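Please open the structure in the viewer and keep the selection tool ready. The tour proceeds from one selection to the next.

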Amino acid sequence: MTPWVLVTGGAKRLGRAVCEAFAAAGWNVCVHHLRSGEAAQALCTELRARGVRADTVQGDLCDARAVARWFAQACATMGRAPQAVVCNASLFEPDTGRDLAPDLLAEQLQVNLIAPMQLGSLLWHAIDAQRQPGDAVHDPQHEATARPSVIHVLDQKVFNLNPDYFSYTLTKLALERAVVLQAQALAPQVRVNAVAPGLMYLSGPQSEDNFARASRVNALQQPIDPADVARAAVYLATAAACTGTTVRVDNGQHLVPLGRDVMFAVDHLQAGVLPGSA
């Protein structure tokens, strides 16, 4: 039976790359979106041309009741619970610790932490509901089969702290700690893992020139390919022995400490010279 993956924020950028990677691995794909319906439908058309099933689900991450509704709708579309949920969607808004906006922090906390935790809980209950009476949690004949999983998308910032994007960073720090806690809570039925990418796309006020330089501020001094991050997510979805694990897919960006976010710090770096090198 072909497995399904549900990818939040799956229509564009990294979410799209994740959907493509799972389809390339033979998975059916459910593309979640909020306002990118046209892009989500176009992506599904492309994925179906590759020979897999693909469909969309629209829904808000800012409201817990809405999350429960559209997750149930997605399960109905797929005909069962997904084998993997990739929590990719997030809010990335600028603020500082000095001028903290509580409402902005609360909104990012809901999208970046609470909704991913809720989706893990919903997956656990959906998987549990599919079990037949008398089914064993551990099936000796399928010990090597990867169990359903949640894969959270973190940020190398949680291993390389600076105070820019203060509220966003707080929420991702909480999510990084929650990977282990949720893995313990949902075991043994559901595994929980994460990927932690670095800078991959233009963000915020960044210019093309700034991005071109900032994308090389990592240990390998080369841009990060989003496809590598996506393939890491596919690996975690199929790695039967992995739970409570975070894979850093950032060309070693977390190994290059900066006092500011890289988009702000890059203008102060000498071309081709990383902190601690030369």
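The model shown here is predicted. Begin by selecting Phe92, Tyr165, Tyr168 and Phe264, which ring pairs link into a cluster. In total, the structure holds four aromatic pairs.

Within the cluster, select tyrosine 165 and phenylalanine 264: their rings are stacked, 6.3 Å centre to centre, with 10° between the planes. This pair links distant parts of the chain, for tyrosine 165 lies in the loop between strand 5 and helix 5 (166-186), while phenylalanine 264 belongs to helix 8 (residues 262-265), 99 residues apart. Is tyrosine 165 buried or exposed? Its relative accessibility is 4%, so tyrosine 165 counts as buried, the limit being under 20%. Phenylalanine 264 has a relative accessible area of 28% and is partly exposed.

Next, select phenylalanine 22 and tryptophan 27. Both residues are buried. Another of the aromatic pairs is found here, edge-to-face, with 4.9 Å centre to centre and 80° between the planes.

Now select arginine 248 and phenylalanine 159. The charged end of arginine 248 sits over the ring of phenylalanine 159, 3.7 Å from the ring centre.

Finally, select helix 7 (residues 226-238). Its 13 residues, at 1.5 Å a residue, should span 18 Å, and the end C-alpha atoms are 19 Å apart, which agrees. At the N-terminal end, aspartate 225 acts as a cap: one of its side-chain oxygens lies 3.0 Å from the backbone nitrogen of alanine 227. The buried residues of helix 7 include Val229, Ala233 and Leu236. Among the elements that cover the buried residues of helix 7 are helix 1 (13-24), strand 4 (84-87) and strand 7 (245-249).

Methods
Residues are numbered from 1 along each chain as its sequence is written. This is a predicted model: local features need pLDDT of at least 70, side-chain atom pairs count only at pLDDT 80 or more; totals for chains, interfaces and linings use all residues. Side-chain values use heavy atoms; hydrogens and water are left out. Helices (H or I, at least four residues) and strands (E, at least two) are DSSP runs, numbered from the N terminus. The expected span of a helix is 1.5 Å times one less than its number of residues. Buried means under 20% relative accessible area, exposed over 50%, partly exposed in between (1.4 Å probe, protein chains only). Contact means heavy atoms within 4.5 Å. A polar contact is a pair of N or O atoms within 3.5 Å; within protein, one must be able to donate a hydrogen and the other to accept it, and residues adjacent in sequence count only if both atoms are side-chain atoms. Rings of Phe, Tyr and Trp (its six-membered ring) pair if their centres lie within 6.5 Å; planes under 30 degrees apart count as stacked, over 60 as edge-to-face and the rest as tilted. A charge sits over a ring if NZ of Lys or CZ of Arg is within 6 Å of the ring centre and within 35 degrees of the ring normal.
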